[in-house]
Amino acid sequence: MNELRLRFCDGDQADLPLGAGVHALGRLPTGLGPVDDQQSWLLQLCNDRRGIWMTVADELRGVHVNGRPVQHVAMLRAGDSIHVDGNELLLTAANDGRTLPPADSGQRDPIGNLRLVLRGVGGTHHGRSISLDKPRRIGRAQDADIRIEGPGIAERHALVEAVNGQAVLRDADADVLVNGQRVREAALHAGDQIAFDVQHRFVVEGPPPPVPGPSPSARLRAAFADNADEAPSVPRKSWLQRMPWLLITAILLAAALAALLLFGAR
């Protein structure tokens, strides 16, 4: 996933890049914003190899992530909405470098499609896992596969399907948030968060996307070819070097025994 950023939805504060390390937020004359180590803070966001962790100051109350209260510590993902001290923050990540498969390519990989799941993490479908073994129409229509309601939800709001093991969002009636970014269609990767009307949230679960480039077998064949071209020639061993030392020792012992018998008899 691309670089994470914190968007301040209220006011004119610029987005805050969340590189590796700890980022503190506190009260400023212009509103909520980043503060240094010498200033009191309300939230701390730690970005490490485990992910993004949010720590709430002991005296602070009323912090919510996706509408759920947080008192001390919470792990965040791209697309989460944070409400603190009367401010709304949105954790975002760019969805660049993704290619949408053709709409008419069909579902020629049923095994790969079965491994893709939408898991509800907010709204009426919280805790529910929905397989993408077939296209899933999302909206407030009675026959929708995933039925959700809200002021901004259309009868047929969007379609999420799996094509050859790749999850795809299509046919969005209005902007849908994918990792905090507004889109009408998008290729989806495992770990992506999709939000419909803010309240209804789903996370894509499944295998990671394939790494672009040659296949592992092709890379292995290329490595063997390179080694064969660069390997130095090995000199052939002489007959004496190839002869086992055990055989040489046995011959010498036999010769010594024969000499002893021959000359000892005289």
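Strand β7 (residues 63-65) runs antiparallel to β8, and three bridges join the two. Here strands are DSSP runs of E with at least two residues, helices are runs of H or I with at least four residues, and both are numbered from the N terminus. One bridge links V63 to V70 in β8. Two strands count as paired if DSSP finds at least two bridges between them.

This is a predicted model: local features need pLDDT of at least 70, side-chain atom pairs count only at pLDDT 80 or more, and totals for chains, interfaces and linings use all residues. Residues are numbered from 1 along each chain as its sequence is written, and side-chain values use heavy atoms, leaving out hydrogens and water.

Both strands belong to an open sheet of six strands. Its order is β2-β1-β11-β10-β7-β8, with antiparallel pairing. The edges are β2 (16-17) and β8 (68-70), and each pairs on one side only. Strands of a sheet pair through backbone hydrogen bonds, either parallel or antiparallel.

The whole protein chain has four helices and 22 strands. Of its 266 residues, 36% count as buried, meaning under 20% relative accessible area with a 1.4 Å probe, protein chains only. Among contacts between residues at least 6 apart in sequence, 42% join residues at least 24 apart. A contact means heavy atoms within 4.5 Å.

Next come the cores. A nonpolar core is a set of buried Ala, Val, Leu, Ile, Met, Phe, Trp, Tyr and Cys residues joined through side-chain atoms within 4.5 Å. The largest has 26 residues, and L6, L43, M54 and L89 touch the most other members. Strands that each supply at least two residues include β1 (4-8), β5 (43-48) and β7. Apart from this core lies another.

| Core | Residues | Members, among them |
|---|---|---|
| Largest nonpolar core | 26 residues | L6, L43, M54, L89 |
| Another core | 23 residues | L118, L132, I146, A158 |

Take L6. Leaving aside neighbours within four places in sequence, L6 contacts nine residues listed by name, including D15, L25, I82 and L89.

Now a polar residue. N95 sits in the loop between β11 (87-93) and α1 (110-114). Is N95 buried or exposed? N95 counts as buried because its relative accessibility is 18%. Its side chain makes a polar contact with the side chain of N179 at 2.9 Å. A polar atom of the N95 side chain also lies 3.1 Å from the backbone oxygen of V178. A polar contact is a pair of N or O atoms within 3.5 Å; within protein, one must be able to donate a hydrogen and the other to accept it, and residues adjacent in sequence count only if both atoms are side-chain atoms.

Note on methods
Buried < 20%, exposed > 50% of the residue type's maximum accessible area, 1.4 Å probe, protein only.
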